[in-house]
Amino acid sequence: MESRTPITVRYGETDMMGVVYHANYLLYFEDARIDFLEKAGCPYQVIEDAGYMSPVRNIDITYHSPLRYGEKAFVTTRIVKHSPVKVTYEQRVFRDGMDPETDTPLVAARLTFCTVDRTDFKPINLKRALPDLYARYEVIAEG
């Protein structure tokens, strides 16, 4: 499963060069990940309501070309790897009108999240703690 989340670049997200400040792509990725989980029937709120969190473990980003103020774009999101304690997403940013099948993304990233207990930050096994959610990951994951 792959989702598309629309974004519009706001003035406050740009730097003195008039392009999206590099760290703001992380905000786009987070919005898109939450949107992906909602669309997949795995709302992040389920994890939090159960007393867990999913902090970032690793981020690998490649910047190819910038977005500018006012441009419309979208983020594609998919799960490329998962285990009972970690999930890795591939997320790519495209300007509206670009084709994700043939065009090079403006920005591409792989983000890995683990699941931890909210009280002590110890990793938990998602397969045991939230088996229904883990089963849904099994269905939507691509690799």
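**Salt bridges and burial**

Student: Which side chain does R10 meet in a salt bridge?
Tutor: The side chain of E13, with N to O at 3.0 Å. A salt bridge puts a side-chain nitrogen of Lys or Arg within 4 Å of a carboxyl oxygen of Asp or Glu. This is a predicted model: local features need pLDDT of at least 70, side-chain atom pairs 80 or more, while totals for chains, interfaces and linings use all residues. Numbering starts from 1 along each chain as its sequence is written, and side-chain values use heavy atoms, without hydrogens and water.

Student: Is R10 buried or exposed?
Tutor: R10 is exposed, at 56% relative accessible area, whereas E13 is buried at 9%. Buried is under 20%, exposed over 50%, partly exposed in between (1.4 Å probe, protein chains only).

Student: How many salt bridges does the structure hold?
Tutor: Eight. One of them joins E30 and R33, whose closest N and O atoms are 3.0 Å apart.

Student: Where are E30 and R33?
Tutor: Both are in helix α1 (a DSSP run of H or I, at least four residues; strands are E, at least two; numbered from the N terminus). They are three residues apart, so about one helical turn separates them. E30 is partly exposed at 31%, but R33 is buried at 3%.

Student: And what does E90 form a salt bridge with?
Tutor: With R78, at 2.9 Å between the closest N and O atoms. That pair links distant parts of the chain: E90 is in strand β5 and R78 in strand β4, twelve residues apart. Both E90 and R78 are buried.

Student: Which residues are in the network?
Tutor: E2, R78, E90, R92 and R110, joined by salt bridges that share partners.
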